[in-house]
Amino acid sequence: MRTFIIKANEAHTKADFRLRDLPGTSGRIDVLCRFLNAAFLLSHGFRKNVRVWLLLYGPPEPPKAIRFEGPKLRVRLNPDEGSTAKLIMRALKGGEGPREPGKEVEVYPGLYVSNRTFEDVIRLTVKNSKLYYLHEDGKPIGKVRFENNVAFVLGDHNGLSGEDEAFLNGIAERVSVGRKSYLASHVVAYVNIFLDSLPNPP
């Protein structure tokens, strides 16, 4: 199983944005849409061995954690950002109002929303997966030996904060796909392609 975790510090936590202007009204949820598509979509298929956590920390009700569980997902992801953004909007609407901390709401089969924090999701993930922090200064990905269950965490266009990085120290191994700063969607696509090329891909 492959898990991808992205923290979006400005992404809106309420469905109050316009689909026709995602970059300008949503706190860059368009970045998350492209990230999802890169994580799951093949040319003529869908990756069932992938889980994605979108961790939204923008206004007005942070945090919101949206989980897409590939093996159980029964909603269709399309390459266009608009339809993917509609799924995120539906998840946010499903998570409105006060919730018991950590309790998930199943919006559709395989699509869940909760108010879990970044730290909550990391602690949950490391119980079953080896965690890697995708960062320019990490170990080259070609020199890493990957195990069966792997998880990758990265930031959005603004990156992770110093506090987030401090939390990951000792928990996640830093791995790099290159010395330049790439788009999050390009990074996850590269990681998927690299893992696919391994003799026994996770």
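How do the residues of the lining of the largest pocket divide into nonpolar, polar and charged? Keep that question in mind while you open the structure, which is a predicted model, and begin the tour at this pocket.

**First stop: the largest pocket.** Select Glu136, Gly155, Asp156, Ser181 and Tyr182, which are the closest to the centre of the pocket among the 26 residues that line it. The space in this pocket comes to about 450 Å³. Colouring the lining by residue type gives the answer to the opening question, since eleven of its residues are nonpolar, nine are polar and six are charged. Next, show the elements α2, β8, β9, β10 and α6, each of which gives two or more residues to the lining; the largest share, four residues, comes from β8.

**Second stop: helix α2.** Now select residues 29-40, which make up α2. If you draw a distance between the end C-alpha atoms of this helix, you should find 17 Å, which agrees with the 16 Å that its twelve residues should span at 1.5 Å a residue. The helix is mostly covered, with eleven of its twelve residues buried, and among these are Ile29, Leu32, Phe35 and Phe40.

**Third stop: Ser185.** From α2, move to Ser185, which is found in helix α6. Apart from neighbours within four places in sequence, Ser185 is in contact with Arg34, Phe35 and Ala38. Because buried means under 20% relative accessible area, Ser185, at 10%, counts as buried.

**Fourth stop: the aromatic rings.** A pair of aromatic rings is described by the distance of the centres and the angle of the planes. Select Phe4 and Phe152, whose ring centres are 5.6 Å apart and whose planes stand at 20°, so the pair is stacked. Phe4 lies in strand β1 and Phe152 in strand β9, 148 residues apart, and the pair therefore links distant parts of the chain. Both of these residues, Phe4 and Phe152, are buried. Then select Tyr132 and Phe146, an edge-to-face pair with 5.0 Å from centre to centre and 65° between the planes. Tyr132 is buried, with a relative accessible area of 1%, and Phe146 is also buried, at 12%. To see the cluster that ring pairs form, add Phe194 to Phe4, Tyr132, Phe146 and Phe152.

**Last stop: the second largest pocket.** Finish by selecting Arg51, Trp53, Leu124, Thr125 and Asn128, which lie nearest the centre of a pocket lined by 13 residues. About 200 Å³ of space lies in this second largest pocket, and β4, β5 and α4 each supply at least two residues of its lining.

Technical notes:
Residues numbered from 1 in each chain as written. Predicted model: local features only at pLDDT ≥ 70, side-chain atom pairs only at ≥ 80, totals over all residues. Heavy atoms only, no water. 1 Å grid on protein atoms, 1.4 Å probe; cavity = no way out; pocket = protein on both sides within 12 Å on 5 of 7 lines; lining within 4 Å. Points joined across faces, edges and corners; volume = space filled by probe spheres on them. Nonpolar A, V, L, I, M, F, W, Y, C, P; charged D, E, K, R; others polar. Expected span 1.5 Å × (residues − 1). Buried < 20%, exposed > 50% of the residue type's maximum accessible area, 1.4 Å probe, protein only. Contact = heavy atoms within 4.5 Å. Phe/Tyr/Trp six-rings, centres within 6.5 Å; stacked < 30°, edge-to-face > 60°.
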